[in-house]
Amino acid sequence: MKKILYIAGLILGSMLLTACSTSDEKEQYVLYAGHSLAADHPFELAMQELKERVEERTDGRVIIETFPLSQLGAERELIEGAMLGSVDLVVSTSGPIMNFVKDFAVLDLPFLFNDRDAAVNILEGDIGEDLFAQLREIGIIGLSWGENGFRHVTNSIKPVATPEDLEGLSLRVQENKVFISAFNELGVTPSPMAWTEALTALQSGVVDGQENPILVIDSYKLYDANQKYMTLTSHAYSSAVFMMSEHAYNRLPEDLRDIVMEEGEKIGAYERQLVVDMEEKALQRLKENGMEVVEEVDTGAFRDKIMKVYDSSENQQLLQRILSEQ
């Protein structure tokens, strides 16, 4: 079914940014927007808000149709689609972007940001602008920075408060060489696997735990998958980017283009606040369902254990800029 939907998305892509005449003979433009997460995730809620704002300000001349759950492709495919012009608007976590703009790989380094405020200040400053400039070189316009929240560790064995507490645990991690290396340094046995496989592995005890944002941990009710303990390690800030295909940008008349850009530049902050609000409620639900949560964590101690991973980063200049600005 997913493959059929994706193929349908590509067919739609050939007709993207369709222009048609309205009753007053003004052209109407349809923009197709895709992302990989669920219809109740802040990605989709923000896209719906963007849709409402743009349609209202353009008097219905620009219509945004949204496609959650990878209906137009997974994140890497969506980014490729934006480059080719087969998808108009995309929100993607930053990880897959590194396949096209290498400097984005630095953002995946664990324990890179001290907290959410530090991450937002850096990404909305000169560093974020520099990264957006590199996106423009591949035909994508960075509109604003969103997020998928900080990633945290859960497990079925014991509370984790220090790096030493992680030693000997087996954790499902993202299929990401940076994460694998970092957890190796922390004494963990990392098991990279697809999320669909991870759920079964957690339930059967093949792995002791996993790492994900609070909204994912809550959405999949991981307390029912033997995950008794959660530690707010905040080991990775899952930054995201709202993007527009340069092809779509160029086809829009200037007045409509300006409106889409203006609203796109504001939607990241709206989405980030949704994450904060929803995480607060989700964390409370996790506690109510029996999860023991370790909230006070010395992230500096964890960072010290993975310095070899930092040393191997290809862009030391960017890494040091980020670290020095916190």
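Modeller: Two strands pair if DSSP finds at least two bridges between them. Strands here are DSSP E runs of at least two residues, and helices are H or I runs of at least four, both numbered from the N terminus.

Colleague: Which residue in β8 is the bridge partner of R151?

Modeller: That is P213. R151 belongs to strand β5, residues 140-155, which pairs with β8 (residues 209-213) in the antiparallel sense over 5 bridges. This is a predicted model, where local features need pLDDT of at least 70 and side-chain atom pairs 80 or more, while totals for chains, interfaces and linings use all residues. Numbering runs from 1 along each chain as its sequence is written, and side-chain values use heavy atoms, without hydrogens or water.

Colleague: With which strand does β5 pair over 12 bridges?

Modeller: With β9, residues 229-245, again in the antiparallel sense. To find this pairing on screen, look for I140, which stands opposite S245 in β9.

Colleague: How many residues of β5 are buried?

Modeller: Buried means under 20% relative accessible area, exposed over 50%, and partly exposed in between, with a 1.4 Å probe and protein chains only. In β5, 16 of the 16 residues are buried, so the strand is largely enclosed by the rest of the structure. In β2 (residues 27-34), 6 of the 8 are buried.

Colleague: Do β2 and β3 pair in the parallel or antiparallel sense, and over how many bridges?

Modeller: Parallel, over 6 bridges, with β3 spanning residues 62-67. Within this pairing, A33 has T66 of β3 as its bridge partner.

Colleague: Why does E325 count as partly exposed?

Modeller: Because its relative accessibility is 47%. You will find E325 in the segment after α14, the helix at 316-324.
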